[in-house]
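Reader: I'm new to this one. Could you walk me through how to read it?

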Amino acid sequence: MKVGNQDLRPIWFDAGADAVKVIDQRLLPHRLVISELRTVEDTVYAIREMMVRGAPLIGVTGAYGVVLAAREAGAGRKDAFYRLCEKIKAVRPTAVNLSWGVDRVYKATAGLSQTEDRIRTAKTEAGIIAEEEAENCRRIGMHGVTLVREAAAEKTGGPVNILTHCNAGWLACIEYGTATAPIYAAHDAGIDVHVWVDETRPLNQGARLTAWELGAYGIKHTVITDNAGGHLMQHGLVDMVLVGTDRTTGTGDVANKIGTYLKALAAKDNGVPFYVALPSTTFDWNLKDGLGEIPIEERDADEVRFVEGLEDGVHHRVLIPPKESPCANYAFDVTPARLVTRLITERGICGASREAIQKLFPEKFSG
Ligand code: MRU
């Protein structure tokens, strides 16, 4: 996507530097810093500390991590190569894209024992995944815009008000984003849209990243506290909720950033459609019960304890609760399929049920 005059992606392989380059998302929106990943340890650090984040992006980062694992493992050492790949997969548990991306690239190198062959093949495969994810998001936008157009047609005036949670934009993907792709497509088609951006505590991906992306594209938006959505819905100020996901079961249960479930409940109570946009790489086809089967990441409680931001141009990190108070940091929650109005995928829009998902992706289901 365009940042100033620059065409930027959140990740790419820089052949000149012989390294993976990433935007360090911890520093946005106030500083745009590009970092290099040269080792598996760098990759693990970048994913764990959320220099890179968002399901499709950590899938692609894991995929490029296999290139670095191949380099580190050396010739013939299949067991060392395997262990390094497993290490990358284990960094964050909820987004299924991470293990999917690593596995796909690792499998592409099966049968190769020379380091250079493994590196070359892994680099090609990771690049293909990145391009596929960009195209998936473009197609999600193409399909999802119909829902925004319908909402616009039902209104007597004013913008279509879309509430989103966390950041499911291009920074979390490769291009366009998942939840944001229909918004960009609507804006490009001349539909008047306005986005309510949940700040998304504790790390503020909405306030920092989604607001930055939308502002750069010239899309009207307002940052709100995470608790404001219900109030806005009660007053008719939200036409749809549109979010991404980190893992969705083959039956339509949706894991996404903590707080998503509360938005879905409020949407249900107020008759507001609740849409989830995802590429097929975010489905975990064999899971049937999201609540019981999707692992929920718990992160360091200091992310809850401290808030970071700028004051007079200087970065500060400040303590909020009493320093003795225990804090807990659940990073995701699961919204049951019954609360999801529609899923928006690269193949089209479907209901959140096994039958409907199977119609779009028949090859993923046996029997
Ligand atoms: O903890 P994060 O920032 O990696 O969580 C990201 C989200 O919850 C996104 O909504 C999700 O990955 C969808 S990204 C297209």
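Reader: Which atom of the ligand does a polar side-chain atom of N256 lie 2.7 Å from?

Author: First, the ground rules. This is a predicted model, where local features need pLDDT of at least 70, side-chain atom pairs count only at pLDDT 80 or more, and totals for chains, interfaces and linings use all residues. Residues are numbered from 1 along each chain as its sequence is written, and side-chain values use heavy atoms, with hydrogens and water left out. A polar contact with the ligand is a pair of N or O atoms within 3.5 Å. Here, the partner of that N256 atom is an oxygen atom of the ligand. R53 puts a polar side-chain atom 2.9 Å from a ligand oxygen, and G54 has a backbone N or O atom 2.9 Å from an oxygen atom of the ligand.

Reader: How many residues surround the ligand?

Author: A residue is near a molecule if one of its heavy atoms lies within 4 Å of it. By that rule 19 residues surround the ligand, and A55, R92, Q205, N256 and K257 are the closest.

Reader: Which peptide bonds are cis?

Author: Most residues other than glycine have a negative phi, and most peptide bonds are trans. In this model, the bond from L28 to P29 is cis, with omega near 5 degrees. The one from R201 to P202 is cis too, with omega near 10 degrees.

Reader: What is the phi of M50 near?

Author: Phi of M50 is near 65 degrees, a positive value in a residue other than glycine.

Key. A polar contact is a pair of N or O atoms within 3.5 Å; within protein, one must be able to donate a hydrogen and the other to accept it, and residues adjacent in sequence count only if both atoms are side-chain atoms.
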